[in-house]
Amino acid sequence: MPRAVDTNIFVRFLVDDGSKHVALARRVFADGQVFVPVSVMLESEWVLRSNFGFKRDQICDAFERLLGVASITIQDDNTVENAVASCRRGLDFADALHLHSSDGCEVFYTFDDLFIRKAKRATSVPPVRRPPIPKHGKELERKQ
């Protein structure tokens with residue numbers, strides 16, 4: 001049975017930040033099957049970009065390599081793989097992960113116009129759009 005890891009373990013497996021935790025994190029990955037929740041992938045991208053200054057391609061390269069490691073099981077690996085591909089084509093990783101997690105849906109609604117434009121270039125499933133404006137032009141009232 002695999003052992004699951006938190007973001008702080010996963011990131012220290014990827015990055016030697018000089019802490020005593022690096023060796024322990026790497027031992028966890030060396031000692032057998034490891035399960036990485038999709039939420040850890042999402043948070044790790046943010047940590048690698050924000051805290052360590054990694055660029056998009058560096059993060060995508062690292063995630064792609066991990067997707068191919070037999071002893072590492074990434075939750076929803078096909079979704080993560082598609083998100084990485086869309087990230088390479090310009091989408092933010094978080095947006096790409098949200099979008100590809102919605103595979104099978106008719107549409108993905110957002111108010112983020114930049115996301116809408118980037119999604120048109122990066123992927124088409126499901127289409128990303130703004131919510132439609134009601135025909136009356138008024139805000140829908142909240143049903144109580």
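Helix α4 passes helix α5 in a left-handed crossing. In this predicted model, α4 spans residues 56–67, and the two helices pack at an angle of about 155°, with their axes 10 Å apart. That angle is over 145°, the cut-off for a roughly antiparallel arrangement, and α4 therefore counts as roughly antiparallel to α5. On the side of α4, the contact is made by R56, D57, C60, D61, F63, E64 and L67. The residues that α5 supplies are D77, V80, E81, V84, C87 and R88. By character, the residues of this contact divide into six nonpolar and seven charged, with no polar ones.

Two cysteines, C60 of α4 and C87 of α5, take part in that contact. Are they joined? The structure holds zero disulfides. For C87, the nearest cysteine sulfur is that of C60, 3.7 Å away. A disulfide would require the two sulfur atoms to lie within 2.5 Å, and C87 is therefore in no disulfide. C87 is buried, with a relative accessible area of 4%. Another cysteine, C105, is partly exposed, at 43% relative accessibility.Helix α5 also carries residues whose contacts lie elsewhere. T79 is found in this helix and is buried, its relative accessible area being 18%. Beyond its neighbours up to four places away in sequence, T79 touches L97, H100 and S101. S86 belongs to α5 as well. With a relative accessibility of 0%, S86 counts as buried, and outside its neighbours within four places in sequence it is in contact with L91, A96, H100, A122 and T123. H100 is thus a contact of T79 and a contact of S86.

The contact between S86 and L91 leads to the loop between α5 and α6 (93–101), where L91 has its place. L91 is buried, with a relative accessible area of 0%. Which residues surround this leucine, when those up to four places away in sequence are not counted? L91 touches R56, S86, A96, L99, F115, K118, A119, A122 and T123. Of these, R56 is also one of the α4 residues in the contact with α5. L91 and V125 are 34 residues apart in sequence, and their C-alpha atoms are 13 Å apart in space.

Ahead of α5 (77–88), a loop links that helix to strand β3 (72–74), and D76 is found there. Most residues other than glycine have a negative phi. D76 is not a glycine, yet its phi is positive, at about 50°. D76 is partly exposed, with a relative accessible area of 43%.

A second pair of helices offers another packing geometry. Helix α1 (residues 7–14) and helix α3 (residues 38–50) pack at an angle of about 55°, and their axes are 9 Å apart. That angle makes α1 oblique to α3. The crossing in which α1 passes α3 is right-handed. From α1, the contact draws on T7, F10, V11 and L14, and from α3 on V40, M41, E43, S44, V47 and L48. These residues divide into seven nonpolar, two polar and one charged.

Strand β1 (residues 3–4) contains R3. R3 is partly exposed, with a relative accessible area of 32%. Setting aside its neighbours within four places in sequence, R3 is in contact with V28, D31, G32, Q33, V34 and F35. One of these partners, D31, is 28 residues from R3 in sequence, with a C-alpha to C-alpha separation of 9.8 Å.

Another arginine, R129, lies in strand β5 (residues 128–129). R129 counts as partly exposed, at 46% relative accessibility. Apart from its neighbours within four places in sequence, R129 is in contact with V107, F108, Y109, T110 and I116. P37 stands 92 residues from R129 along the chain, and the C-alpha atoms of the two residues are separated by 28 Å.

How values were computed. Residues numbered from 1 in each chain as written. Predicted model: local features only at pLDDT ≥ 70, side-chain atom pairs only at ≥ 80, totals over all residues. Heavy atoms only, no water. Buried < 20%, exposed > 50% of the residue type's maximum accessible area, 1.4 Å probe, protein only. Axes fitted to C-alpha atoms, helices over the stretch in contact; angles between N-to-C directions. Helix = DSSP H or I, 4+ residues; strand = E, 2+ residues; numbered from the N terminus. Parallel < 35°, antiparallel > 145°, perpendicular 65-115°, else oblique. Left-handed = near helix turned anticlockwise from the far one by under 90°. Contact = heavy atoms within 4.5 Å. Nonpolar A, V, L, I, M, F, W, Y, C, P; charged D, E, K, R; others polar.
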